[in-house]
Amino acid sequence: MTPEVAVILGLSVVTLVLLLGAFFATTRQDRGADDPEPPGETHPSSVGAAQPPQPAMGHVGIDYPDPRTIKVGDTIECQGVRSRVLGALYLSWQGTQWTEYLLDDGTRRYQWLSIQMHDGLTTGEPPHLEVLLWTQVPTEGMIPAKTTLSVEGVDFLPIDRGTAAFRGEGVTSMPERGLLDFADYRAADGRLLSFERLQGQRWRASHAQPLAPGTIRIEKKG
């Protein structure tokens, strides 16, 4: 074999190897386009598609009765207990307004239900309707200090205090109009403690936890 022939054969072999390599590489890419994605990876277009649907938030007055429509003489159901609304106090303090309803469940265990709409402008929270069911607690002459209070083994931190003007309706054991001193506290677990008194009288204390507005059932008086 002459040197010229050897060179020609060598170049032919190299060319053939390059062509075969290009062919297999192209075939591998075409097959990879149809291969499933590796486990653990998510295609961008499917982000959120596999997430469980979030429950829709209820709307006051649409999905459940608006507690702000409660009137004296109505019957309400709260935490499985039916109570009659004996009276109401309409209070205001520094532009804030709220209502407290006196409830009677027929066992002479009277409770107050307070309803207040928070706009969230001062706290940064979204607007929400706050519903609180208050139960009186013995304080044995305790007065609301400006520091932490311990009641029934729970520490409460002060959050608000002042004097609110009120107007009464129905049976409330309060004057028709007057001024009410108050001091509010909150525990680390969210429980609330409130002291209230008519000016010149003794303090009374109650504690509460927030309730979902949708848990209140209202039966309007006939």
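Start with the largest nonpolar core of this predicted model, which has 17 residues. Select Leu-89, Leu-91, Trp-98, Trp-134, Ala-164, Phe-166 and Met-174: these touch the most other members. Now colour the elements that give two or more residues to this core, namely E2, strand E3 (96–104), strand E5 (128–137), E7, E8 and E9. The biggest giver is E2, with 4 residues. As background, nonpolar side chains in soluble globular proteins tend to be buried together.

Stay here and centre on Phe-166. Which residues does Phe-166 touch, not counting those up to four places away in sequence? Show Leu-89, Tyr-90 and Leu-91, then the run Met-174, Pro-175, Glu-176, Arg-177, Gly-178, Leu-179 and Leu-180, and finally Leu-198. Apart from this core lies another one, of 16 residues; to find it, select Ile-76, Ala-88, Leu-103 and Ile-218, which are among its members.

**Next stop: the rings**

The whole structure holds 4 aromatic pairs. Pick Trp-93 and Phe-182 for one of them: the ring centres are 5.1 Å apart and the planes stand at 90°, so this pair is edge-to-face. Trp-93 is in strand E2 and Phe-182 is in strand E8, so the pair ties together parts that are 89 residues apart in sequence. Both Trp-93 and Phe-182 are buried.

Keep Phe-182 selected and add Trp-98. Here the ring centres of Trp-98 and Phe-182 are 6.1 Å apart with planes at 80°, so this pair is edge-to-face. Trp-98 sits in strand E3 and Phe-182 in strand E8, so the link spans parts 84 residues apart in sequence. Trp-98 and Phe-182 are both buried. Put all of that on screen together and you have a cluster of Trp-93, Trp-98 and Phe-182, linked by ring pairs.

**Follow the strands out**

Phe-182 leads nicely to the strand pairing. Switch to the backbone and select strand E7 (residues 154–170) with strand E8 (residues 177–187); they pair in the antiparallel sense over 11 bridges. Opposite Phe-182 in E8 you'll find Gly-162. What joins E7 to E8? The two form a hairpin with 6 residues between them, and Ser-173 in the turn has a positive phi of about 60°.

Carry on to strand E9 (residues 192–198), which runs antiparallel to E8 and is joined to E8 by 7 bridges. Click on Asp-181 and look across to E9 for its bridge partner, Arg-197. E8 and E9 also form a hairpin, this time with 4 residues between them. Gly-190 in that turn has a positive phi of about 95°.

**Over to Ser-83**

Now jump to Ser-83, in strand E2. Is Ser-83 buried or exposed? Its relative accessibility is 7%, so Ser-83 counts as buried, the cut-off being under 20%. Show its contacts, leaving aside neighbours within four places in sequence: Asp-74, Thr-75 and Ile-76 make up one group, and Leu-103, Asp-104 and Asp-105 the rest. For a distance to draw, try Ser-83 to Gln-111: their C-alpha atoms are 9.4 Å apart, with their positions 28 residues apart along the chain.

**Last stop: colour by confidence**

The mean pLDDT of the protein chain is 76, and 69% of its residues reach 70 or more. Where is confidence lowest, and where is it highest? The low is helix H1 (residues 3–32), with a mean of 42, while the high is strand E2 (residues 81–93), at 96. Select residues 3–57 and you'll see pLDDT under 50 throughout, with 6 contacts beyond four places in sequence. Where pLDDT is low, the predicted coordinates shouldn't be read in detail.

Methods. Residues numbered from 1 in each chain as written. Heavy atoms only, no water. pLDDT = per-residue confidence, 0-100. Contact = heavy atoms within 4.5 Å. Pairing = 2+ DSSP bridges. Buried < 20%, exposed > 50% of the residue type's maximum accessible area, 1.4 Å probe, protein only. Core = buried A, V, L, I, M, F, W, Y, C linked by side-chain atoms within 4.5 Å. Phe/Tyr/Trp six-rings, centres within 6.5 Å; stacked < 30°, edge-to-face > 60°.
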